[in-house]
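Welcome! Below is a short guided tour for anyone meeting this structure for the first time. Take a look at the picture, then read on.

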Amino acid sequence: MSSIRNVLLLGGHGKVSQLLTPLLLQRSWNVTSIIRDPAQVATLEKLGEGQKGKLNILVRSIEDVTSTEQAKTLIDEVKPDYVVWSAGAGGKGAPERTYKVDRDAASHFIRASVATPSVTKFVTISFIGSRLKKASWVPDGLWLEYRNMVRKALQSYYEAKVVADNVLYFEGKKRNDFAGICLRPGALTDEPAGNVTLGKLPVLQGNSSRASVANLTALLLDAPNVKSCWLDMIDGDEDPEAAVKRCVDEGVNAADGEFYE
């Protein structure tokens with residue numbers, strides 16, 4: 001049985017978060033879920049019924065967090081061991097809101113987590129195309145085609161995510177006892193959890209079950225030897241527990257080849 005952990009879940013009403021919450025509670029972990037709308041409380045309360053761990057729900061606006069100090073205040077209140085970022089505007093609405101949440105607020109919580117010694121893991125849910133530079137294992141033509149598509153359809157979301165991922169990359173290097181993990185799925189679907197392809201992927205598109213994203217997030221949080229890394233994922237053929245163990249044991253990091261100079 002896993003040791004009891006306290007998890008701060010940012011963006012608790014999102015679809016991935018609602019699938020992740022029971023997986024964490026089943027481990028006898030305690031979850032503090034941050035939501036922005038009081039009307040969402042009843043939905044989340046049902047996720048905690050009959051579980052081994054305790055679910056706490058806080059109604060706060062992540063969008064209103066405009067500094068690392070504000071983020072640190074919330075972290076100090078919750079006192080988590082692990083933090084999960086599964087919030088964001090997702091490119092919906094005005095670009096300014098995407099930048100404010102997916103870029104700025106995310107960056108504030110990353111920096112605040114690293115500045116809190118008791119926080120030892122931070123998992124952010126990004127997306128598979130959030131790169132500044134083509135990875136060596138991705139074909140040239142595929143990269144150009146995907147970049148053109150992303151810039152046309154998800155420009156503000158892409159710009160926000162690459163900045164936040166950049167912050168996690170560098171902040172994660174500041175502490176040897178801190179794992180900054182960037183899980184990077186493809187197009188999210190509502191299919192049930194299943195086998196996955198995880199690590200350095202020679203593709204930039206593909207479907208990713210939200211349930212599988214949630215399962216991988218829980219497995220990564222539960223992996224005692226995990227280090228800071230990027231892990232791209234789509235639905236595939238490998239057992240998720242085996243995939244996480246392989247990536248952790250081999251030190252797989254899809255950030256290789258990215259530049260942040």
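A good place to begin is Lys79, which counts as exposed because its relative accessibility is 57% (buried means under 20% relative accessible area, exposed over 50%, partly exposed in between, with a 1.4 Å probe and protein chains only). Lys79 lies in the loop between helix H3 (68–78) and S4, and although it is not a glycine, it has a positive phi of about 60°.

Before going further, please keep in mind that this is a predicted model, where local features need pLDDT of at least 70, side-chain atom pairs count only at pLDDT 80 or more, and totals for chains, interfaces and linings use all residues. Residues are numbered from 1 along each chain as its sequence is written, and side-chain values use heavy atoms, with hydrogens and water left out.

**The whole protein**

The protein holds eight helices and ten strands; these are DSSP runs numbered from the N terminus, with helices (H or I) of at least four residues and strands (E) of at least two. Its C-alpha atoms fill a box of roughly 50 × 40 × 35 Å along the principal axes. With 261 residues, a compact globule would have a radius of gyration near 18 Å, and the protein agrees with this at 17 Å (taken over C-alpha atoms; the globule rule is 2.2 Å times the number of residues to the power 0.38). Buried residues make up 52% of the 261 residues. Among contacts (heavy atoms within 4.5 Å) with a separation of 6 or more, 75% join residues 24 or more positions apart.

**Two helices**

How do the helix lengths compare with what is expected at 1.5 Å a residue? The expected span is 1.5 Å times one less than the number of residues, and the table sets it beside the distance between the end C-alpha atoms.

| Helix | Residues | Expected span | End-to-end C-alpha distance |
|---|---|---|---|
| H6 (155–171) | 17 residues | 24 Å | 25 Å |
| H7 (210–222) | 13 residues | 18 Å | 18 Å |

Both helices agree with the expectation. The buried residues of H6 include Tyr157, Ala160, Val162 and Leu168. What covers the buried residues of H6 includes helix H4 (95–114), helix H5 (140–153) and strand S5 (121–125). H7 is mostly covered, with eleven of its 13 residues buried; among them are Arg210, Val213, Leu216 and Leu221.

**Some buried residues**

Is Ser33 buried or exposed? Ser33 is buried, because its relative accessible area is 0%. Ser33 lies in strand S2 (residues 30–35), and, not counting residues up to four places away in sequence, it touches Leu9, Gly12, Leu44, Leu55, Asn56, Ile57 and Leu58.

The loop between helix H1 (15–25) and S2 contains Trp29, which counts as buried at 1% relative accessibility. Trp29 and Ile4 are 25 residues apart in sequence, and their C-alpha atoms are 4.9 Å apart in space. Ser28 is found in the loop between H1 and S2 as well. Ser28 is buried, with a relative accessible area of 14%, and has a positive phi of about 70° although it is not a glycine.

Finally, Leu201 sits in the loop between strand S8 (196–199) and strand S9 (207–209) and is buried, with a relative accessible area of 3%. Leaving aside neighbours within four places in sequence, Leu201 is in contact with Ile128, Trp137, Val138, Asp232, Met233 and Ile234.
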